[in-house]
Structures are given as C-alpha cells and as structure tokens.
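Here's a short set of exercises to work through with the model open beside you. Try each task before you read its solution.

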Amino acid sequence: MRLKINFEELKQINFNQSIYNDNSIVILGNCINELKKIDNNSIDLIFADPPYNIGKNFGNNKDKWSSTEEYIEWCKKWIDECFRILTDDGTFYFMTATQYMSYLDVYCSEKYNVVSRIVWSYDSSGGQSKKIFGSLYEPILMCTKSKKSKYTFNYQDILVETKTGAKRKLIDYRKKYLHHIIRKKYLEMYGILIE
C-alpha cells in the first residue's frame, strides 16, 4: 500500500486547473470532482476553507444552497473525500461558518476523530450589527482519521507568549486564604466547620 503520493505525480494529475510551487499545490475546480482524482491515503496535510453558505457573491457564483440540509450534505461529501485521500497519520483542518460548524463537528466526531476545536478570533474592522452580536471568530476543526493516528503537531511553530499572573507580578491570594474560604463555605452550606 502506498502511503504518500510523490509530489511530482500530484502535479501530473489532470486537474481542472492548478497552481503549484516546490512544495504545495492549489487546485481550482469542483472540489468533489478534483478530489476524486487523487489516490487514497496519499496526502499528509489538508486545510479546507469551503464556501460558507452565507450568500456572498464571488463574481462567478453565489455562495448559497437552497437549504441548510443541502449545504451540510454537500459538506459531508467533500469531507469524506478529504478523509479518503488523507494518510492514516495525516491531519485535516477545515473551517466553516459558525452556524454550520456544530453539524460538521458532530459528523466528524462520530465518523472520524476530532483532535481539537480551534477558535481564530479577529477584529472585524468593519461595521457591527445594531440588532445582534457580531461573529468575530472563525471555528476550525483539527481532525484525523482515528484516535490511533500519529499526527504531526509542530507546537514550536505556534507558541504565543502569554502574560501569566506571575509575569504581571500579580499576588496569588488563593494560597494564603484558600483554607479560610473553604472553611467558610462549608460552614455556610452544611453548618459545620472543617479543620
């Protein structure tokens, strides 16, 4: 069984249209048709940012299905194709609109393995609705074929320094007063003191 496709072989596939460099390829076309041209278990990493079904006009077509059910069924088809071509130890990331991610999260959790749920938050820098809270994040799922997958996770490449309480020189009052607080809560709740 071949676990990886040779990159040169991938470039030779008769895709509708593709752009590539030394180590990556962008394929343009109907995703389900184009994915079917790729061998099983041949891709290590997939990142998908599909249409969101929000009615946005991209100039060539409108991003809108006739119903939520139709959109979710379409998503399941391309998700299954992505998992088909993903290697056993590969990783698949995908994003979609917040209102649809829950459907696809459940689908992937039941059929595959959801490793992590990522929230990409950002400043919209645009107008905010006066009627509802704006969505200032994009949900991203990190998935593998199974819990046994030995995926690659390059944590060094995504480290972000955070200002912990110690870095901000905050005093942790819990240490000094924690026992006192617990005793007080027990007394309030149960009418007994603990030592």
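Let's fix a term before starting: buried means under 20% relative accessible area, exposed means over 50%, and partly exposed is in between (1.4 Å probe, protein chains only). This is a predicted model, in which local features need pLDDT of at least 70 and side-chain atom pairs count only at pLDDT 80 or more, while totals for chains, interfaces and linings use all residues. Residues are numbered from 1 along each chain as its sequence is written, and side-chain values use heavy atoms, with hydrogens and water left out.

**Exercise 1. Get the overall layout**

Work out how many helices and strands the chain has, and the pattern they follow.

*Solution.* Start with the counting rule: helices (H or I, at least four residues) and strands (E, at least two) are DSSP runs, numbered from the N terminus. That gives five helices and six strands. Next, read along the sequence, and you get α-β-β-α-β-α-β-α-β-β-α.

Now look at burial and contacts. Of the 195 residues in the chain, 29% are buried. A contact means heavy atoms within 4.5 Å. Among contacts between residues at least 6 apart in sequence, 63% join residues at least 24 apart.

**Exercise 2. Take helix H3 apart**

Find which residues of H3 are buried, and what covers them.

*Solution.* First, check the length. The expected span of a helix is 1.5 Å times one less than its number of residues. H3 has 18 residues and should therefore span 26 Å, in agreement with the 26 Å between its end C-alpha atoms.

Second, list the buried residues of H3: Tyr71, Ile72, Trp74, Cys75, Trp78, Ile79, Glu81, Cys82, Phe83 and Ile85.

Third, look at what lies over them: the cover includes H2, E3, E4, H4 and E6.

**Exercise 3. Map the largest nonpolar core**

Say which residues of the largest nonpolar core touch the most other members, and which element gives the most to this core.

*Solution.* A nonpolar core is a set of buried Ala, Val, Leu, Ile, Met, Phe, Trp, Tyr and Cys residues joined through side-chain atoms within 4.5 Å. The largest one here has 37 residues, and those touching the most other members are Ile38, Trp78, Ile79, Phe83, Phe92, Phe94 and Cys108. At least two residues each come from helix H2 (31-35), strand E3 (43-48), helix H3 (68-85), strand E4 (86-95), helix H4 (98-111) and strand E6 (137-144). H3 gives the most, with nine residues. As background, nonpolar side chains tend to be buried together in soluble globular proteins.

Now zoom in on Cys108. Skipping residues up to four places away in sequence, Cys108 touches Ile79, Phe83, Phe94, Asn113, Val114 and Cys143.

Then try E4. Eight of its 10 residues are buried, so E4 is largely enclosed by the rest of the structure. Two strands pair if DSSP finds at least two bridges between them; E3 and E4 are joined by five bridges and run parallel. Across that pairing, Ile46 stands opposite Phe92 in E4.

**Exercise 4. Compare two polar residues**

Decide whether Asp80 and Ser149 are buried, partly exposed or exposed, and find their polar partners.

*Solution.* Take Asp80, in helix H3. Asp80 counts as partly exposed because its relative accessible area is 23%. Leaving out neighbours within four places in sequence, Asp80 contacts Tyr107, Lys111 and Tyr112.

A polar contact is a pair of N or O atoms within 3.5 Å; within protein, one must be able to donate a hydrogen and the other to accept it, and residues adjacent in sequence count only if both atoms are side-chain atoms. One such contact, of 2.7 Å, joins the side chains of Asp80 and Tyr107.

Ser149 sits in the loop between E6 and helix H5 (173-190). Its relative accessible area is 9%, so Ser149 is buried. A polar atom of the Ser149 side chain lies 2.8 Å from the backbone oxygen of Asp88. Outside four places in sequence, Ser149 is in contact with Asp88, Asp89 and Thr144.

**Exercise 5. Check two asparagines**

Where do Asn41 and Asn53 lie, and what is phi for each?

*Solution.* Asn41 is in the loop between H2 and E3, with a positive phi of about 50° although it is not a glycine. At 13% relative accessible area, Asn41 is buried. Asn53 is in the loop between E3 and H3, and its phi is positive too, near 60°. Asn53 is buried, at 2%.
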